[in-house]
Amino acid sequence: MHYSGDTDGVVPTLGTRRWIEKLDWPITSAWQPWTSNGQVSGYTQTYGSFSFVTIHGVGHMAPQWKRYDTQQMILKYIHGESYL
C-alpha cells in the first residue's frame with residue numbers, strides 16, 4: 001500500500017499516480033472512494049496486491065491532520081480489509 005494526501009504540494013498525488021501507471025501493472029479495482037464513519041476519506045485504486053490510497057483534504061502530514069482517517073486506512077491494510 002502507498003498513500004498520499006490529495007492536497008500535497010510537495011509530493012503531489014498526480015505525480016504518484018503517474019509513477020504507478022509507468023509500472024504498467026494491471027488495474028484490479030478501478031479508482032473509487034473509500035469511507036470511514038460514513039464520509040468519503042479519499043480514493044483508492046488497486047493493482048493486484050498493491051493499493052494506492054489517497055486521504056482527502058491533507059498533504060503529506062496526513063497522520064497529523066486526519067488522524068482518524070489515516071488510522072482507519074492503516075488498520076484496513078493490516079487486517080486485509082477492503083477500503084470500500
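Colleague: I'm new to this structure, so let's start with one residue: is Asp69 buried or exposed?

Modeller: Asp69 is buried, at 12% relative accessible area. Buried means under 20%, exposed over 50%, and partly exposed in between (1.4 Å probe, protein chains only). Please keep in mind that this is a predicted model, where local features need pLDDT of at least 70 and side-chain atom pairs count only at pLDDT 80 or more, while totals for chains, interfaces and linings use all residues. Residues are numbered from 1 along each chain as its sequence is written, and side-chain values use heavy atoms, leaving out hydrogens and water.

Colleague: Which residue forms a salt bridge with Asp69?

Modeller: Side chains of opposite charge can pair when their charged atoms come close. Here the partner of Asp69 is Lys66, with 3.9 Å between the closest N and O atoms. Lys66 is partly exposed, at 27% relative accessibility.

Colleague: How many salt bridges does the rule give?

Modeller: The count is one, where the rule asks for a side-chain nitrogen of Lys or Arg within 4 Å of a carboxyl oxygen of Asp or Glu.

Colleague: Which residues make up the largest nonpolar core?

Modeller: In soluble globular proteins, nonpolar side chains tend to be buried together. In this model the largest core has seven residues: Trp34, Val53, Ile55, Val58, Ala62, Met73 and Tyr83.

Colleague: What does Val58 touch?

Modeller: Leaving aside residues up to four places away in sequence, Val58 touches Gly5, Asp6, Thr7, Asp8, Trp65 and Lys66; contact means heavy atoms within 4.5 Å.

Colleague: And where does Ser51 stand, buried or exposed?

Modeller: Ser51 counts as buried, at 9% relative accessibility. Beyond four places in sequence, its contacts include Met1, His2 and Tyr83.

Conventions:
Core = buried A, V, L, I, M, F, W, Y, C linked by side-chain atoms within 4.5 Å.
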